[in-house]
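Let's take a walk through a protein together. Have the model ready to turn around on your screen, and we'll go from the whole to a few details.

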Amino acid sequence: MEAVIIKKKLFFISIVLFCGIFVAWKINKQDGNMETTISKQVDIEEFIPEGIEPGNFSEYDITLKMDDKGKFQLETNVLIKNLSTDDWNQLIFYFIPNMFAKSVSPDLEHPSTVNFHNISIDGKKVNYTLEKDTLNIMLLEKLKPNRDVKVNFSYELTLPEKGLRFTKSNGNYHLAQFYPMIATYRNHQWNKEAYRYRGETYHTTFSNFKLAYDIPKEYTLVSSFEQEVFPTPNKGLIEIKNVKEIFLAILKDPILVENEEGISIRVFGFEEKKEELYQEILTEATDALNYFEEVMGHYPFNQLDIVLDGLGMEYPGIVTANSIYNSGPSNSSQLKSMVVHEIAHQWFYGMISNDPYNNAWLDEGFAGFATSLFKFSSSKQSETYNSLYRIDPNLELPVNLPLDQYESNIMSSYVYGKSTIMLWELFKDNGEIKEAEEFLKIYYQFYKNKEIDSKEFMRFAKYYFNLKDDSLFEGWLEL
């Protein structure tokens with residue numbers, strides 16, 4: 001089967017888009033007939049942010065052992081606490097590796113294999129169903145509010161080739177979403193949507209993780225867990241707290257380029273002739289991280305890893321970058337832009353959470369917006385861009401619809417493109433770049449380690465700009 005289409009938009013288009021955005025508001029700014037539509041409210045301290053309640057709390061304790069043939073034995077214990085006001089009869093998990101098993105993806109030449117040995121709650125075996133990526137466990141007795149249970153999973157798996165994020169790539173193993181991930185609970189039900197191959201269709205709360213690993217000696221582990229050394233010992237115990245998920249890359253013979261000061265930024269590549277490019281990417285990543293910290297706020301880890309293999313994706317403390325839409329390796333300019341975009345996600349997704357199925361624009365649009373700010377702040381060419389990007393008039397839908405309400409071929413045009421442009425519209429007559437930077441700083445200060453939705457964004461923006469009605473959001477946000 002052809003490699004599964006992923007969510008990431010082609011970055012050379014994004015670059016043109018960002019440039020076009022800049023030109024667009026420069027032209028608008030010079031138009032003396034344009035009337036200022038918003039004005040900043042100074043007394044911002046009175047505003048009280050309202051994050052989305054998580055519904056549940058979870059702690060993961062994972063034991064992973066990999067043999068020399070690429071088979072993984074896993075034991076995962078998950079402590080789950082009911083933070084809702086409802087009694088629960090069941091637990092709903094995402095188990096995405098099953099999407100690439102032969103029974104679900106029969107056209108994959110090298111599918112994954114999944115075999116559960118045991119699922120139990122507090123030591124007692126339970127009944128469960130696994131349909132596509134939905135793992136449904138029936139509780140032996142109701143779980144009341146503020147009570148918790150411990151779920152044990154014992155299973156083995158192999159990774160597919162040409163999978164989506166969870167995949168074997170160029171002899172390396174990308175373990176994304178490799179463990180049962182508890183869904184969020186809200187509005188008196190489990191918030192679990194059907195898996196889609198475009199966009200991100202899983203949503204989890206901030207959780208704590210421990211990982212004991214045992215991998216063959218010829219591999220090294222690069223992951224969401226910080227303060228790793230290179231090469232890693234083949235056995236270890238690592239821990240991280242308050243992240244939405246974890247990602248593991250098990251790499252064979254990578255080339256490492258790293259900085260010597262500040263936050264440890266490590267670039268892992270795999271082609272000896274490209275060490276100069278890897279150094280350029282390290283420089284770009286360092287500049288971007290420093291800019292985002294200055295503009296928005298502190299990066300929460302001591303280490304940031306960049307794995308130049310596989311698809312452009314973001315995870316807490318680590319990003320991957322190399323290709324888009326399985327179209328082959330990106331050129332150097334695209335690759336640098338891709339890395340910066342994924343680093344921006346450390347703030348928008350990693351620290352300010354959102355449901356990527358129902359509010360994808362809140363991380364993709366903001367990551368694109370922050371990336372364009374970095375590009376404009378570091379470039380002297382912004383005044384000479386001679387291409388103008390305008391929103392396709394056929395893009396009439398709001399940007400904050402659930403993913404299943406967009407045709408798959410135009411979803412990115414809304415989630416990445418239109419959302420970024422409309423965020424720029426907030427500042428075309430109001431301080432331009434410096435005001436946009438101040439907006440992001442306050443937005444981050446209010447919502448770090450919280451989940452936000454479109455309604456809360458509008459409430460914040462109305463207060464920040466002292467808006468009297470919702471007219472500024474008409475046509476691009478569903479009110």
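What follows starts with the overall picture, then moves to one helix and its partner, and ends with a few single residues.

First, a word of caution: this is a predicted model. The protein has 479 residues, and 58% of them are buried. Its secondary structure comes to 7 helices and 24 strands. If you take the contacts between residues at least 6 apart in sequence, 72% of them join residues at least 24 apart.

Now find helix 6, which runs over residues 432-447. A quick check on its length is easy to do. With 16 residues at 1.5 Å a residue, helix 6 should span 22 Å, and its end C-alpha atoms are indeed 22 Å apart, so the two values agree. Is helix 6 largely enclosed or largely open? Well, 12 of its 16 residues are buried, so the rest of the structure largely encloses it. Among those buried residues are E432, I433 and E435 towards the start of the list, and Y444, F446 and Y447 towards its end.

Part of those surroundings is helix 4, made of residues 361-378. The axes of helix 4 and helix 6 lie 11 Å apart, and the two pack at an angle of about 135°. An angle over 115 but not over 145 degrees counts as oblique, and helix 4 and helix 6 are therefore oblique to each other. The crossing of helix 4 and helix 6 is left-handed. From helix 4, the contact uses L362, F366, F369, A370, L373 and F376, while helix 6 brings I433, A436, E437, F439, L440 and Y443. Sort the residues of this contact by class and you get 11 nonpolar, 1 charged and no polar ones. A bit of background helps when you look at such lists: an α-helix has 3.6 residues a turn, so residues three or four places apart point the same way.

Keep going past the end of helix 6 and you'll meet N449. This residue sits in the loop between helix 6 and strand 24 (450-451). Its phi is near 65°, which is positive even though N449 is not a glycine. As background, most residues other than glycine have a negative phi, and most peptide bonds are trans. N449 has a relative accessibility of 43%, so it counts as partly exposed.

N466 tells a similar story. It comes in the segment after helix 7, and its phi is positive too, at about 55°, again without being a glycine. With 32% relative accessibility, N466 also counts as partly exposed.

In that segment after helix 7 (454-464) you can also pick out W476. Is W476 buried or exposed? Its relative accessible area is 1%, and because buried means under 20%, W476 counts as buried. Along the chain W476 and V399 are 77 residues apart, yet their C-alpha atoms are separated by 5.7 Å. Leaving aside neighbours within four places in sequence, the contacts of W476 are W361, P398, V399, N400, K418, M422 and F457.

One last stop is in a loop elsewhere. Between strand 15 (219-223) and strand 16 (235-243) you'll find P231. The peptide bond joining F230 and P231 is cis, with omega at about -10°.

Key:
Residues are numbered from 1 along each chain as its sequence is written. This is a predicted model: local features need pLDDT of at least 70, side-chain atom pairs count only at pLDDT 80 or more; totals for chains, interfaces and linings use all residues. Side-chain values use heavy atoms; hydrogens and water are left out. Helices (H or I, at least four residues) and strands (E, at least two) are DSSP runs, numbered from the N terminus. The expected span of a helix is 1.5 Å times one less than its number of residues. Buried means under 20% relative accessible area, exposed over 50%, partly exposed in between (1.4 Å probe, protein chains only). Axes are lines fitted to C-alpha atoms, for helices over the stretch in contact, and angles run from 0 to 180 degrees between N-to-C directions. Angles under 35 degrees count as roughly parallel, over 145 as roughly antiparallel, 65 to 115 as roughly perpendicular and the rest as oblique. A crossing is left-handed if the near helix is turned anticlockwise from the far one by less than a right angle, and right-handed if clockwise. Contact means heavy atoms within 4.5 Å. Ala, Val, Leu, Ile, Met, Phe, Trp, Tyr, Cys and Pro count as nonpolar, Asp, Glu, Lys and Arg as charged, and the others, Gly among them, as polar.
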